[in-house]
Each structure stands twice: as structure tokens, then as C-alpha cells.
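Trainee: Could you take me through one part of this model slowly? I would like a close look at the nonpolar core and the helix that gives the most to it.

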Amino acid sequence: MSIPSTGAPQKPAALFTATLALLSFVLPLATDMYLPAFPVMADDLGTDASGVQLTLTAFLLGTAVGQLVLGPLSDRHGRRMPILIGTAVGTLATALCAAAPNLGVLIVLRFVTGFSGAAGLVVGRAVISDIATGAVAARLFGVLMALGGIAPIVAPLVGGAVVSNAGGWRGVFWVLSGTSLLMFLAALFFIPESLPKERRRPGGVGATLQAARSVLTDRAYVGYTLAFSFACGALFCYIAGSAFLLQNVLGFTVAQASVAFSLGALTATLSSTANTKLVGRYHPRLLLRFGLATMLAATTAALLVTLAGQLNRGLALGLVGIAFLGIGQVFGTATALAIERVPHAAGTGSAVLGTLQSILGGVASPLVGLGGEDTAVPLFVGMAVCSLTAVLALLLTRGGTHLSHSPGSPGDDRETPASATI
């Protein structure tokens, strides 16, 4: 891959890609690393499962709002500055989480970390759209998914180790703060400005609303975005309920539960790695359909087994693993297909996609805890419903036409820029 010249010095492609992957670590690190600490946090903060899960909801809602603000800003002012400011603020806010005196303060700080961390997510996706389209973009998103898959594999293992070795849940946030600092330094040195001034969208709120309208009236974009977002909703149902499923329902220790969660993340990572090869042979839409069908089959089977009272460790881990196999085929392809539709407002398109993802995750997180800490039914109901909705969302992508045409809207088949070669 070569990086287009925009007045910034050229950066080595490997370091550029690795830094984008590191920025995409924000979401999995900030959610997965402290999952093993949920039961401990509930006791220490004097709350229950839903109370602790509200800290995850606050983070995800902060991420949603942050993407809505920072995505359009990056279309107007460029990509580099929002990334640098966001990661710097996130580093400080995460350190403050480690010293939070009570649940209320922690919830507020988690919202701030989500808002600031959104910069790496939304602007990172927009950077890719600045330099690549089509199969090239799908492959690059797949590479980031594969590299980003390291985070959900390592995060619960590190979190479990910190919690189990006297670091406690506060120690987890100190580790997260250090990681956020590393993200800031990597972005500072290895992310050039990818959006030249002549391609930026001038104006204020009116221009932002116009960009949002052009994005939301593209039927195919909406379909791919909903498919991506509800697939993420299924994942966040599992993220929010995994500690209680693995420890309280299946009887794993903290360390065993961390390993079990990491195995699921490893499955998704291997699937994403395979996706980067498959996307050169099969159309991204075909891979997306396969991934969603796999998710729906696995989550529905898990729900039926649970309702029948036959859930055990083997079935739970096996069916969740199959669902993660599908997830690995969904995220990179759905993201590339969605953002490719709106190259004229990539930051806004990335923001809408990421915001819906975070909102669904934020809603799902406390809901899966409402049934109590000793049942898996709400978790698998949520995963199955989200998977089904993601499958149905693909109906909107048929034809790929605009609900109302707007100037600068892309066609179905656009050439990949010569500057974006892998």
C-alpha cells in the first residue's frame, strides 16, 4: 500500500497500517480488558450486574456521540488533528478512571473516554476511505480487523491477570491509560494528513447536516450500516454478559473465563485474516452474506439449547466460536461496502456507522443483565435477535440506489485510485 501525498511526509506503509490498527484497539481494549473484573467491581462499588454494565454503556454512548461530532469535523478540518486531540484526552480520562471514588464518577469518566476514543475509530476509517475503495478497501479493512483482533485476544488475558494478581479493577485502568498513551505517540509520528484542503467540506452545521442527509439517503449505505451495526450489537451482547455466563453459569474461574473469551476473539481474528485473502477471490457482498448467515445459525442454536436446559461448556464455547467465525467475515466487508458508497462524506459516513454501532452496544449491555447473573437466556436472545435483524438489513442493499439523489453521490462501480495499491 502506498500513502497518497497530501503535503505531509510519506510514512512507511507497515507503520502506517499498524498505527491505524492500534487506533482501532480503542474499542476492544476499553471493553474487553475489564470484563474479567465485572464481578469484583460489582462487590467493590456496591452495585449489581446491570450497575457495572452501565459503565460499559456510558463508554459506548460516549463513543457514539464522539463519532457524530468528530467524524464531520474531520471532513471539514482534516484527519490528523482530531486523532491527536482525542487520544491525548483519552489517556488522561482513562487514568482518572483508575482513581474514581464511586460508580457515578466512573460512569461519567467512561463517557469521556468513549467520546475522546471515538477519534481513533471514526477518523481511522475515514483515512482508509481517503486512500482506497472497492476490494482494496475491503482488504485493508480486513487487515485492520485481523491486526485489531489481537486486542480482544490479549485484553481479557491481561485484565484477568491484573485482577487476579492484586492489581484489581483499578490496575486495569492504569494499564489502559498506558496503552492509550502509546496510541497517541504512534499517531503523532506515523499518521500523516490524508485529506488535502481542496477535498475538505467547508461550512458549519448546515454543511454537516447536508453531508448527513446525503449519507442517510443512500439506501445501500443504510443497509450495509445496519447489517454491520446489528452484528456489532450481537457481539456486545456477548461482551456484556460473557463474564457472568462464563463464571456464574458455566463455572469457570476468572483466569479460565479470560482464556475462554480470548479463544472466541482468536476465532474472529483468524476468520478476518482469511477474509483478507478471500476478498480477492469472492465479492465482499458474498462474504458478508456468509458471515451473517453463520452468526444467525449459531446464535439461534445457542438460544434453543439454552431454553431446552441443555447448555454446557462444550456447546456454549462451540456455538459462540461459530458465531465469532461469522463475525470475522462481517466487520471488514460491511464497513468497506458502506463507506465506499459515500466517498464525498467519508468522515460523516464513518461517524453514522460507528455511532449506530455504539448505541446498539450501549443498549444491549445493561439489558443482558436484567435477567440476573445466573442465566444465559437474555444474552442469547439478544445475540439471536441482533443477528436476524442484521440479515434482514441486507434487503435494503438490493439495487444500491439512492432514496433521493444528492450531488457527488457515488455510483455502484468506482475505480480504485492508483494511489491505493496493496
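Mentor: Happy to; what follows starts with the core, moves along its main helix and ends with two other helices.

Keep in mind that this is a predicted model. Its largest nonpolar core has 119 residues. Phe38, Met41, Tyr238, Leu292 and Phe380 are those with the most contacts inside this core. The helix that gives the most to the core is α11, residues 219–249, with 19 residues.

Take Phe38 as a way in. Leaving out residues up to four places away in sequence, Phe38 touches Val52, Gln53 and Leu56, and also Ala240, Ala243 and Phe244.

Another residue to look at is Gln247, which is found in helix α11. Is Gln247 buried or exposed? Its relative accessibility is 14%, so Gln247 counts as buried, the limit being under 20%. Beyond its neighbours within four places in sequence, Gln247 is in contact with Pro36, Pro39, Ser242, Phe252, Thr253, Val254 and Ala257.

Now for the cysteines. How many disulfides does the model have? The count comes to zero. The sulfur of Cys232 has its closest cysteine sulfur in Cys386, 9.8 Å away, which is too far for a bond, because a disulfide needs two cysteine sulfurs within 2.5 Å. Cys237 is in no disulfide either: the nearest cysteine sulfur, again that of Cys386, is 4.5 Å away. Both cysteines are covered: Cys232 is buried with a relative accessible area of 1%, and Cys237 counts as buried at 2% relative accessibility.

For another view, go to helix α13, residues 284–307, where you will find Phe290. Phe290 counts as partly exposed, at 46% relative accessibility. The C-alpha atoms of Phe290 and Gly326 are separated by 7.2 Å, though these residues are 36 apart along the chain.

Finally, consider helix α6, residues 103–131. At its N-terminal end Asn102 acts as a cap, with a side-chain oxygen 3.2 Å from the backbone nitrogen of Gly104. Of the 29 residues in α6, 22 are buried, so the helix is mostly covered. There is also a kink of about 30° in α6, centred on Gly117. A length check is worth doing here: at 1.5 Å a residue, α6 should span 42 Å, and its end C-alpha atoms are 43 Å apart, which agrees.

Technical notes
Residues are numbered from 1 along each chain as its sequence is written. This is a predicted model: local features need pLDDT of at least 70, side-chain atom pairs count only at pLDDT 80 or more; totals for chains, interfaces and linings use all residues. Side-chain values use heavy atoms; hydrogens and water are left out. A nonpolar core is a set of buried Ala, Val, Leu, Ile, Met, Phe, Trp, Tyr and Cys residues joined through side-chain atoms within 4.5 Å. Buried means under 20% relative accessible area, exposed over 50%, partly exposed in between (1.4 Å probe, protein chains only). Helices (H or I, at least four residues) and strands (E, at least two) are DSSP runs, numbered from the N terminus. Contact means heavy atoms within 4.5 Å. The expected span of a helix is 1.5 Å times one less than its number of residues. The bend at a residue is the angle between axes fitted to the seven residues ending there and the seven starting there. A polar contact is a pair of N or O atoms within 3.5 Å; within protein, one must be able to donate a hydrogen and the other to accept it, and residues adjacent in sequence count only if both atoms are side-chain atoms.
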